[in-house]
Amino acid sequence: MAAAVQGGITQPPNSTVYVKNLEERIKIDDLKEALTEIFSEYGTVIDLIAKKNIKARGQAFVVFEDVESAERAIKEVQGFELFEKPMLLDYAKTRSDATVQKEGDEEEFELHKRRRLAEKERKQAHQAAEEQKRLKRPAVSTTVDAAAARPAKAARGAGLKSSNPAAGAVVPDEYLPPNKILFVQNLPEDYDVDGLTQIFGRFEGFREVRLVPSRKGIAFVEYEAEAGAISAKESTSGMGLGAESKPIKVTYQRQ
């Protein structure tokens, strides 16, 4: 049954349909089966993405073989009730992996994945920075009297660093924004520049490996551009090295 609610089209036509306002309590497999049954009426569905993590709940992406099929689906399914909730449809903001893989070559597909990963990591870095700002923001007193009762204490503390851990919070290494230099930790002591070059030199735009003479187990790996660093980080993070196969930690250099 179609509902009166209509979704707004904000993106230019492409072969991927973005679906929101889905019932979040339905199991993902059941949801995907229902969506596939509905949208297959309008063309060949080459991929359907629906995830159960909190940020992705209630949303899905339906990838058609062509733009015309997506246009028909949006026109006909907009506002259609699924599990007693009207679906709201729009075109996706970016091309899907399945579309790029179908229309382009392997090089274009790898570039698309690197860009998508970089954008994801930038968003994570932005969210971490916003959380850091929130933690640093002083709490606002709920009463005027309470604020007025402590002026001397505030004056004595002027210019001193707060002992509150939240005030000194920094963005975790895992959420640093992408750049062209990687920071590698937990390296076995017997790994030298040549050994690390064999690992990291396989990726596009590799420049050099730099060890820190005074500190064991860490290194910096530089690339000509972010793209190479992104690929290297994605492929080597958690890789086991040495006799004990100890996993290495690979993050972006803190700027």
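Leaving aside neighbours within four places in sequence, which residues is Val19 in contact with? They are Phe39, Gly58, Gln59, Ala60, Val62, Met87, Leu88 and Leu89, where contact means heavy atoms within 4.5 Å.

## Basis of the model

The model is predicted: local features need pLDDT of at least 70, side-chain atom pairs count only at pLDDT 80 or more, and totals for chains, interfaces and linings use all residues. Residues are numbered from 1 along each chain as its sequence is written, and side-chain values use heavy atoms, with hydrogens and water left out.

## Overall content

The protein has eight helices and twelve strands. Helices (H or I, at least four residues) and strands (E, at least two) are DSSP runs, numbered from the N terminus. Of the 255 residues, 34% are buried, a term that stands for under 20% relative accessible area, with exposed over 50% and partly exposed in between (1.4 Å probe, protein chains only).

The accessible surface of the protein is about 16,300 Å², and carbon and sulfur atoms hold 50% of that area. Accessible areas come from the Shrake-Rupley method with a 1.4 Å probe; for residues, only the protein chains shown count as cover. Among contacts with a separation of 6 or more, 67% join residues 24 or more positions apart.

## Sheet E2-E3-E1-E6

One open sheet has four strands in the order E2-E3-E1-E6, with antiparallel pairing. Two strands pair if DSSP finds at least two bridges between them. Strand E2 (45–49) and E6 are the edge strands, and each pairs on one side only. Neighbouring strands of this sheet are turned by 20° against each other on average, direction ignored. Axes are lines fitted to C-alpha atoms, for helices over the stretch in contact, and angles run from 0 to 180 degrees between N-to-C directions.

E2 and E3 are joined by four antiparallel bridges, and Ile49 has Phe61 as its bridge partner in E3. E1 and E3 pair over five bridges, also in the antiparallel sense. Tyr18 is bridged to Phe61 in E3 and to Asp90 in E6. The antiparallel pairing of E1 with E6 runs over four bridges.

## Helices H1 and H2 and the largest core

H1 packs on the sheet E2-E3-E1-E6, touching E1, E2, E3 and E6, and its direction makes about 145° with that of E2. H2 packs there too, touching E1, E3 and E6, at about 155° to the direction of E6.

The largest nonpolar core has 21 residues. Such a core is a set of buried Ala, Val, Leu, Ile, Met, Phe, Trp, Tyr and Cys residues joined through side-chain atoms within 4.5 Å. Val19, Leu35, Phe39 and Met87 have the most contacts inside this core. At least two core residues come from each of strand E1 (16–20), helix H1 (28–39), E3, H2 and strand E6 (88–91). H1 supplies the largest share, five residues. A second, separate core has 19 residues, including Ala219, Val221, Ala232 and Val250.

## The loop residue Glu65

Glu65 is found in the loop between strand E3 (59–64) and helix H2 (67–77). Glu65 is partly exposed, with a relative accessible area of 38%. Glu65 and Ser15 are 50 residues apart along the chain, and their C-alpha atoms are separated by 6.7 Å.

## Sheet E8-E9-E7-E12

Another open sheet has four strands in the order E8-E9-E7-E12, again with antiparallel pairing. Strand E8 (206–211) and strand E12 (249–252) stand at its edges with a single partner strand each, so one side of each is left without a neighbour in the sheet. The average turn between neighbouring strands of this sheet is 20°, direction ignored. Strand E7 (residues 181–185) and strand E9 (residues 219–223) pair in the antiparallel sense over four bridges, and Ile181 stands opposite Glu222 in E9.

Helix H7 (residues 193–200) lies across E7, E8, E9 and E12 and runs at about 145° to E8. Helix H8 (residues 226–236) packs on the sheet and touches E7, E9 and E12; its direction makes about 155° with that of E12. Buried residues in H8 are Gly228, Ala229, Ile230, Ser231, Ala232, Lys233 and Thr236. Just after H8, Gly238 takes a positive phi of about 85°.
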